[in-house]
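Here are a few notes from my pass through the model, meant to be read with the viewer open. Shout if anything looks off to you.

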Amino acid sequence: MLHAEGPLLTIDVGERTATRTDIDDLLAEFIGGRAVATALAHDRIPFDADPFGPENRAYLATGPLQQSGMSFTGRMSMTGLSPLTDGLVSTNAGGYLSREFSGADLSVLEVVGASDELLIAHVTDEGVEFEEVPELAGAEVPAVSDHVAETRDLGPENCIAIGPAGENLVRFASVMTYDSRAFGRGGLGAVLGSKNLKAVTFEGDAEPDVEIPNPPEMDVHREAATSDDRMKRQGTTGGTEFINENFSLPTRYFSEYEFEHAAGIGGDAVEEKKYKKGACSACAYACKLPTRDEAEGVETEGPEFETVYAFGSNQGVGDIVDVMKANELCDVLGMDTISAGVTVAAYLASEDEFGNAELAREITEKIAYREGIGDDLAEGVHRVHDRLGVDDYTVKGMEFAAHDGRVLHGQGLSYAVANRGGDHMYAGMLGPEYAGEIDPEGTLGKAELLVEKENRNVVRDSGVVCAFGGDYVTDDRLAQLLDAPYEDLLELGARTIERERHFNNERGKDASDDGLPYDLPDLDAAIEEYYEERGLREDGTLPDERVEPVAADLGSSGAGGSGASPADD
């Protein structure tokens, strides 16, 4: 099986130590990216850890396909114990970081401990240096990039960073790279904030010895370059009006299913503001959306569909420029646009202020700095809905993505059982339901497909392959690229899902956490079908014997670990 190459680098920011550990055997078993990071997290984060405690660990991981020149591979995966869901969460981001990361001669970065001073860790193929940066306290993400450029002659592509939201422990704070690409869901930016780690930079000349099969490497790249997909012009916003007209675009904090101003925030509106092409590393698909409005003086990257929903329809806002402003605000402050937008929508609902885009931006900024009502809203909808007097539109504490499980019932089932809650990327049942490949009505009989899609998405996130490459990186091609039978890859996915669930079970989560804030036909029976398909007990837990520790005794350092060596800076 093709896998990432390079050691695990453990940084203890409290002890200011860095340790490189050989994990070749672990990589051979778990490929890289999400799968290897989940194996590490399961075995090395205490089951009773505080998400904001020094014992929590954050993992940034690359995969083998980041050594290719293939489109859809400019991504990395990040994993840790989420302060939003209180369970394991993985999220990934695009941009240009992965090649710089690999050049620093590592496959996985593990961050543990907590620093007394605000730090940047500078990682190279020769060692790690810790820089105290008290002057960056409260700095927005672009200011961190400016500092790194001035002091290290490095670009935003060399960097992960948090904004004021991460420092202030906003439970949905993101980790940013390239200023505008977000490891968004689950609040891992707040995990770095709890460790007083403002940024990490990567540079070096290491060249991992990974040989990518060709074909299909160049076939995928050529097809990406020559395709005439609307997504290359409008990103994910291209389906906004179709979804609004034929399914549901959640509107005014889920009180309505259709938004009368969808055209004002949809694909055509975004394309009108797009002023150049944008891409991720090595990708010829170039589906990113650099946009600007000169009259309002706003320039950003995006918004994508999820942001159009979260700061547009769900807030009753119908002007794309307002959504662009909110998108840029979340990027510079370092917040997940989905959770931030839905939380602000809940506030607007409580104040009967739908459509007030100026107030929405004011509240968004208050959240990042935990000022006034923003201090409560920074906890997320699940923890604040009672005070606001609104329904709790979350699963496991995670705010819903745009794809409405009330009309896409397979997607609703997916939200209910997903280990990380209301995240559309966990399985993606929305795809076949939108396309008419399966009936969106009903939940029964969908568990088998749901399990397969969950398993495959682990493989995608471990490769690491962009979700938008699905039409090009087919199942057969994925098996060719990773040099393994497809069924073996799905089994790897299943073992990773099991580790996520087992970790969450050990934190007290069970069938009572697998549900929805609305009714769907036969949902309880469909969840039982899912449990049976996964081999779970009736209470939604995984038998302990199904998960064997694989990474607990690697010998690297950290809170609860041993064998740390000083950073060779």
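1. First, a caveat: this is a predicted model, so please read the points below with that in mind.

2. Start with the cavities. Searching the whole structure turns up six of them at 30 Å³ or more. The largest comes out at about 110 Å³ in volume.

3. Who lines that largest cavity? There are 13 lining residues, and C280, C283, C287, K288 and C466 are the ones that lie nearest its centre. By type, the lining splits into nine nonpolar, two polar and two charged residues.

4. Next, the packing. The largest nonpolar core holds 164 residues, and L60, F72, L109 and F202 touch the most other members. Among helices and other elements, the top contributor to this core is helix α12 (residues 320-333), which supplies nine residues. Apart from this core there is another one of 11 residues, including I120, V133, V148 and L154.

5. F72 deserves a click. Leaving aside residues up to four places away in sequence, F72 touches V220, A224, C283, Y285, V464, V465, C466, F468, G469, Y472 and V473. Two names there should ring a bell: C283 and C466 are in the contact list of F72, and C283 and C466 also lie among the residues nearest the centre of the largest cavity.

6. Last, helix α19. This helix covers residues 447-463, 17 residues in total, and spans 25 Å from its first C-alpha to its last, close to the expected 24 Å. Is α19 largely enclosed or open? Of its 17 residues, 13 are buried, so the rest of the structure largely encloses it.

How values were computed
Residues numbered from 1 in each chain as written. Predicted model: local features only at pLDDT ≥ 70, side-chain atom pairs only at ≥ 80, totals over all residues. Heavy atoms only, no water. Helix = DSSP H or I, 4+ residues; strand = E, 2+ residues; numbered from the N terminus. Expected span 1.5 Å × (residues − 1). Buried < 20%, exposed > 50% of the residue type's maximum accessible area, 1.4 Å probe, protein only. 1 Å grid on protein atoms, 1.4 Å probe; cavity = no way out; pocket = protein on both sides within 12 Å on 5 of 7 lines; lining within 4 Å. Points joined across faces, edges and corners; volume = space filled by probe spheres on them. Nonpolar A, V, L, I, M, F, W, Y, C, P; charged D, E, K, R; others polar. Core = buried A, V, L, I, M, F, W, Y, C linked by side-chain atoms within 4.5 Å. Contact = heavy atoms within 4.5 Å.
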